[in-house]
Amino acid sequence: MNKNEKIVSAQIVGIKREEIICRTENNKLINVDVRTSDEIFMEVMVDLLISGLWIPVNRQLKKFLDYDWLDNRSLGFE
């Protein structure tokens, strides 16, 4: 992983009350703070944990992206 890369691939490896723990391709852990009462969001996070799918995470901001790598917004296009 390039240190300048803001967006990285990560798998969810743990879910706590207000935190989701993700592991990058280089086995680095990223703790993403989540303060939401959205049950559907948390169900999706559990499904991602079980399936082991890789998702985009902003490494610097420690946040999930609301779009994927193929969305034009990730390239600055609309």
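**Figure 1. Asn58 and its polar contact with Gln60.** In this predicted model, a polar atom of the Asn58 side chain lies 3.0 Å from the backbone nitrogen of Gln60. Asn58 belongs to strand S4, which covers residues 55–58. The relative accessibility of Asn58 is 13%, so the residue counts as buried, the cut-off for buried being under 20%. Leaving aside residues up to four places away in sequence, Asn58 touches Lys6, Ile7, Lys63 and Leu65.

**Figure 2. Gln11 in strand S1.** Strand S1 runs over residues 7–15 and contains Gln11. Gln11 has a relative accessibility of 13% and is therefore classed as buried. The residues touched by Gln11 are Ile21, Cys22, Arg23, Gly52, Leu53 and Trp54, with residues up to four places away in sequence not counted. One of these, Gly52, appears again in the view of the helix ends.

**Figure 3. The two ends of helix H1.** Helix H1 consists of residues 39–51. At the N-terminal end, Asp38 acts as a cap: one of its side-chain oxygens lies 3.1 Å from the backbone nitrogen of Ile40. Just after the helix, Gly52 takes a positive phi of about 75°. The length of H1 can be checked by simple arithmetic. The helix has 13 residues, and at 1.5 Å a residue the expected span is 18 Å, because the rule multiplies 1.5 Å by one less than the number of residues. The end C-alpha atoms of H1 are 18 Å apart, which agrees with the expected span.

**Figure 4. A nonpolar surface patch that includes Val46.** Val46, Leu49 and Ile50 make a nonpolar patch of about 250 Å² on the surface. Val46 is a residue of helix H1. With a relative accessible area of 36%, Val46 is partly exposed. That value lies between the two cut-offs, under 20% for buried and over 50% for exposed.

**Figure 5. Two loop residues with positive phi.** Most residues other than glycine have a negative phi. Asn27 is not a glycine, yet has a positive phi of about 60°. This residue sits in the loop between strand S2 (19–24) and strand S3 (29–33). Asn27 has a relative accessible area of 58% and is exposed. Lys62, which is not a glycine either, has a positive phi of about 55°. The loop that holds Lys62 lies between S4 and strand S5 (63–64). Is Lys62 buried, partly exposed or exposed? Its relative accessibility is 44%, so Lys62 counts as partly exposed.

**Figure 6. The chain as a whole.** The chain has one helix and five strands. Read from the N terminus, the order of these elements is β-β-β-α-β-β. The chain has 78 residues, of which 27% count as buried. Among contacts with a separation of 6 or more, 46% join residues 24 or more positions apart. The chain exposes about 5900 Å², and carbon and sulfur atoms supply 48% of that area.

Conventions. Residues numbered from 1 in each chain as written. Predicted model: local features only at pLDDT ≥ 70, side-chain atom pairs only at ≥ 80, totals over all residues. Heavy atoms only, no water. Helix = DSSP H or I, 4+ residues; strand = E, 2+ residues; numbered from the N terminus. Buried < 20%, exposed > 50% of the residue type's maximum accessible area, 1.4 Å probe, protein only. Contact = heavy atoms within 4.5 Å. Areas by Shrake-Rupley, 256 points an atom, 1.4 Å probe, with all protein chains shown as cover. Polar contact = N/O pair within 3.5 Å; in protein donor to acceptor, adjacent residues only side chain to side chain. Patch = residues over 30% accessible without salt bridge, like charges linked within 9 Å, V, L, I, M, F, W, Y side chains within 5 Å. Salt bridge = Lys/Arg side-chain N within 4 Å of Asp/Glu carboxyl O.
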